[in-house]
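Here are my notes on the model, set out as numbered points for reading alongside the coordinates. They begin with one pair in the sheet and widen from there.

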Amino acid sequence: ALQAATDLDRIVYTILVGATSHQGLSFQRAFVFLVDPASGVIEGRGALGPADAGEAARIWPALASDRSSLGDLLERAGREPPPDDHALVRLVRSLRTLVDDGGLLARALRTRGVVVVRDGLASIGGPPVETELMERLGTDQFVIAPMVAENEPVGLLLADNAVAPRPFGTAEIELLDMLATQAAMAIDRATLITELRSQATALESASREIHENQRRLLRSERLAALGEMAARVAHDFRTPLTVIGGFARSLLERSLPDAPDRETLRIVADEVGRLEGIVSSVLEHAKEPRPDVRAVDVGRVAHEAIELLRYELDTHRIRTELDVAPGTPLARADRDRLFQALIN
């Protein structure tokens, strides 16, 4: 199960199930601590077992009657991880210390061998086990097996029989040490896989960014060419537009107020002025011009748009109606862009 798992949380839970199940090592509780190489901190990662005698009385009878194999338990564990709010999980995650600390967890990690604590005294000698650790665990009898891979410590596996106290057998201690060895290799492999995935993701992101930059570069080159061409076309358009506009404005000034073509001439003059503005914008395409927002009579703009298209509408026998409610207020808009939108 450990060799098959690649997810770190799955590996941690597999370790805990193996250490505590009746089909496994039969410890009553187990705790996994992992080393964070970046911060140099030993921190609790997961725990499994009853929080107290009352919980043990509720769950142990059912577990004792469970005829599932260890493989069945591990498969079930993969589908149903323990709740994060369990008292034992909260306890282990509150336990953390520095790798170079003088406390038992750090000293056990440095020994690279199993540490057995009996009556508050550790088998590795040194100062007595700190009272705070024993009080938080609720016992002064437990076993710690360091998890070491490639001669580098990756964490600790702590197990005890605190709920219904009973002594540890030599075989149990040796098997816990063996489990810790296998667990260390699985954790190390999972860490490497996670790093490789992270690097692969970073490479994929970098590759996408390179392709995107290439696309932007090609697009910018095309836009630059189009901009240059548009500038040349706009420059060539400016002179005839000026001539047309001049003629239209001249005819408009000479027309009588009630002349039938006066409105048409005014629209032509206004549209030529708008086109002249567009040509100027193209010639100054280095930056996008800001909208010229002011009070606009939307109904009048719509009327002018229809009149500009009148010839095409009549040619295609399209009848148009413009319905503007009386008292329609002026709008805040860019008149030319709004007009262009209606034309479109």
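**Notes on the sheet and the chain**

1. I start with Val-32, whose bridge partner in strand 7 is Leu-157. The model is a predicted one, and the remarks that follow should be read as a description of that prediction. The pair belongs to a longer run of pairing, since strand 1 and strand 7 are antiparallel and are joined by six bridges.

2. Leu-157 appears again on the side of strand 6, where Ala-145 has this residue of strand 7 as its bridge partner. Strand 6, covering residues 142–149, and strand 7, covering residues 152–160, pair in the antiparallel sense over eight bridges. Strands of a sheet in general pair through backbone hydrogen bonds, in either a parallel or an antiparallel manner.

3. Strand 1 takes in residues 29–36, and seven of its eight residues are buried, so that the strand can be described as mostly covered. Antiparallel pairing also links strand 1 to strand 2, residues 41–48, in this case through seven bridges. Within this pairing, Phe-33 stands opposite Gly-44 of strand 2, while Leu-34 has Glu-43 of strand 2 as its bridge partner.

4. The hairpin formed by strand 1 and strand 2 has four residues between the strands, and in this hairpin Gly-40 adopts a positive phi near 70°. Strand 2 is likewise mostly covered, with six of its eight residues buried. Strand 2 is further joined to strand 3 by three bridges, and these two strands run antiparallel; in strand 3, Leu-98 is the residue that stands opposite Val-41.

5. Taken as a whole, these pairings belong to an open sheet of seven strands with the order 3-2-1-7-6-4-5 and antiparallel pairing. Its edges are strand 3 (96–98) and strand 5 (121–122), each of which pairs on one side only.

6. Is Ile-144 buried or exposed, and why? Ile-144, which has its place in strand 6, counts as buried because its relative accessibility is 0%, against a cut-off of under 20% for that class. Leaving aside residues up to four places away in sequence, Ile-144 touches Leu-104, Leu-105, Ala-108, Gly-113, Val-114, Val-115, Leu-156, Leu-157 and Leu-158. Leu-157, one of these contacts, is the residue already met as the bridge partner of Val-32. The C-alpha atoms of Ile-144 and Ile-42 are separated by 13 Å, although the two residues lie 102 residues apart along the chain.

7. For the overall dimensions, the radius of gyration of the chain is 41 Å, whereas a compact globule of 344 residues would have a value near 20 Å. Along the principal axes, the C-alpha atoms fill a box of roughly 115 × 45 × 35 Å. The chain contains eleven helices and nine strands. Among the contacts with a separation of 6 or more, 66% come from residues 24 or more positions apart.

8. Two further totals concern the surface and the charges. Of the 344 residues, 34% count as buried, and the chain exposes about 21,200 Å², of which carbon and sulfur atoms supply 56%. There are 40 positive and 52 negative side chains, and the centres of these two sets lie 4 Å apart.

Conventions. Residues numbered from 1 in each chain as written. Predicted model: local features only at pLDDT ≥ 70, side-chain atom pairs only at ≥ 80, totals over all residues. Heavy atoms only, no water. Rg over C-alpha atoms; globule rule 2.2 N^0.38 Å. Buried < 20%, exposed > 50% of the residue type's maximum accessible area, 1.4 Å probe, protein only. Contact = heavy atoms within 4.5 Å. Areas by Shrake-Rupley, 256 points an atom, 1.4 Å probe, with all protein chains shown as cover. Lys, Arg positive; Asp, Glu negative; His and termini not counted. Charge placed at Lys NZ, Arg CZ, Asp CG, Glu CD. Pairing = 2+ DSSP bridges.
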